[in-house]
Amino acid sequence: MARSRFNPIPKPKREPKDKWATPDNNFSKFIRVRDCLYFSGNTNAGRCCTCGKPLMIYDADCGHFITRDVHSLRFCETNAHMQCKLCNWHRKGEQAKHQDYIEKVHGPEVLRVLQNERNLWEANVRRFDQGHINLQVISKYYLQKRKDLESGKIEVHELYEKYKYL
Ligand SMILES: [Zn+2]
């Protein structure tokens with residue numbers, strides 16, 4: 001029997017694209033370029049924020065101090081730094097060392113703000129669902145911000161200096 005409009009062929013279900021993939025990727029590239037510039041003055045070579053090992057950008061991860069599950073800190077610049085894969089994966093992020101690093105480079109006030117945000121999140125006081133985070137905007141923002149760093153439109157030390165007053 002021919003299929004009619006009453007009996008349509010079901011559309012094949014597509015795998016939903018991971019909604020975080022592109023914004024995560026653009027944010028990660030921005031963080032790694034930023035930290036390479038911070039450490040070495042060029043966009044290819046930097047260091048791991050927790051063990052200090054010299055790293056090339058393509059071998060590096062963007063490590064989060066407070067995990068990406070806390071969505072409100074997933075794209076927070078003071079919460080993420082260039083990290084080696086050993087620290088990020090095998091040593092589970094080296095959270096204590098990452099905390100020391102944040103305190104050293106951004107100051108204790110920034111660390112306190114991050115911890116406070118995590119506490120609010122975990123206490124369920126502040127919960128963003130997907131609709132409150134515009135991933136397309138974030139994605140474009142970090143794509144452009146990385147280009148601005150690479151072209152010298154934004155200066156990395158000015159950027160780091162700004163974090164102290166967040
Ligand atoms: Zn490391």
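**Close-up views of a predicted model**

**View 1. H1 and H6 cross with a left-handed twist.** This close-up, like the others here, comes from a predicted model. Helix H1 covers residues 21-40 and helix H6 covers residues 135-151. Their axes sit 8 Å apart, and the packing angle is about 25 degrees. An angle under 35 degrees counts as roughly parallel, so that is the label H1 and H6 get. On the H1 side, the contact is made by Thr22, Pro23, Asn26, Phe27, Lys29, Phe30, Val33, Arg34 and Leu37. H6 answers with Leu135, Ile138, Ser139, Tyr142, Leu143, Lys145, Arg146, Leu149 and Glu150. Sorted by class, the contact of H1 with H6 has 10 nonpolar residues, plus three polar and five charged ones.

**View 2. H4 meets H5 at an oblique angle.** Here the axes of H4 and H5 come within 6 Å of each other and cross at roughly 135 degrees. H4 and H5 are therefore oblique to each other. H4 brings Gln99, Ile102, Glu103 and His106 to the contact, while H5 supplies Pro108, Val110 and Leu111. The class tally for H4 with H5 is four nonpolar, two polar and one charged.

**View 3. Helix H5, from end to end and just past it.** H5 spans residues 108-122, which makes 15 residues. From first C-alpha to last, H5 reaches 21 Å, close to the 21 Å expected at 1.5 Å a residue. Follow the chain on from H5 and you come to asparagine 124, with a positive phi near 70 degrees.

**View 4. The loop between H3 and H4, with lysine 92 and glutamate 94.** Most residues other than glycine have a negative phi. Lysine 92 has a positive one, near 50 degrees. Glutamate 94 has a positive phi too, near 45 degrees. Lysine 92 lies in the loop that links helix H3 (85-90) to helix H4 (95-106), and glutamate 94 is found in the loop between H3 and H4 as well. Are these two buried or exposed? Lysine 92 counts as exposed because it has 9 C-beta neighbours inside 10 Å. Glutamate 94 has 22 C-beta neighbours inside 10 Å, so it counts as buried.

**View 5. Threonine 78 and a partner from far along the chain, tyrosine 163.** Threonine 78 lies in the loop between helix H2 (71-74) and strand E4 (80-84). Threonine 78 counts as buried because 20 C-beta neighbours fall inside 10 Å, and 20 or more is what buried takes. Tyrosine 163 is 85 residues away from threonine 78 in sequence, yet the C-alpha to C-alpha distance is 6.9 Å.

**View 6. Stepping back to the fold as a whole, α-β-β-β-α-β-α-α-α-α-α.** The protein has seven helices and four strands. Reading along the sequence, you start with a helix, run through three strands, pass a helix and another strand, and then finish on a run of helices. Of the 166 residues in the protein, 28% are buried. Take the contacts between residues at least 6 apart in sequence: 66% of them join residues at least 24 apart.

Definitions and conventions: Residues numbered from 1 in each chain as written. Predicted model: local features only at pLDDT ≥ 70, side-chain atom pairs only at ≥ 80, totals over all residues. Helix = DSSP H or I, 4+ residues; strand = E, 2+ residues; numbered from the N terminus. Expected span 1.5 Å × (residues − 1). Buried ≥ 20, exposed ≤ 12 C-beta atoms within 10 Å, placed from the backbone. Contact = placed C-beta atoms within 7 Å. Axes fitted to C-alpha atoms, helices over the stretch in contact; angles between N-to-C directions. Parallel < 35°, antiparallel > 145°, perpendicular 65-115°, else oblique. Left-handed = near helix turned anticlockwise from the far one by under 90°. Nonpolar A, V, L, I, M, F, W, Y, C, P; charged D, E, K, R; others polar.
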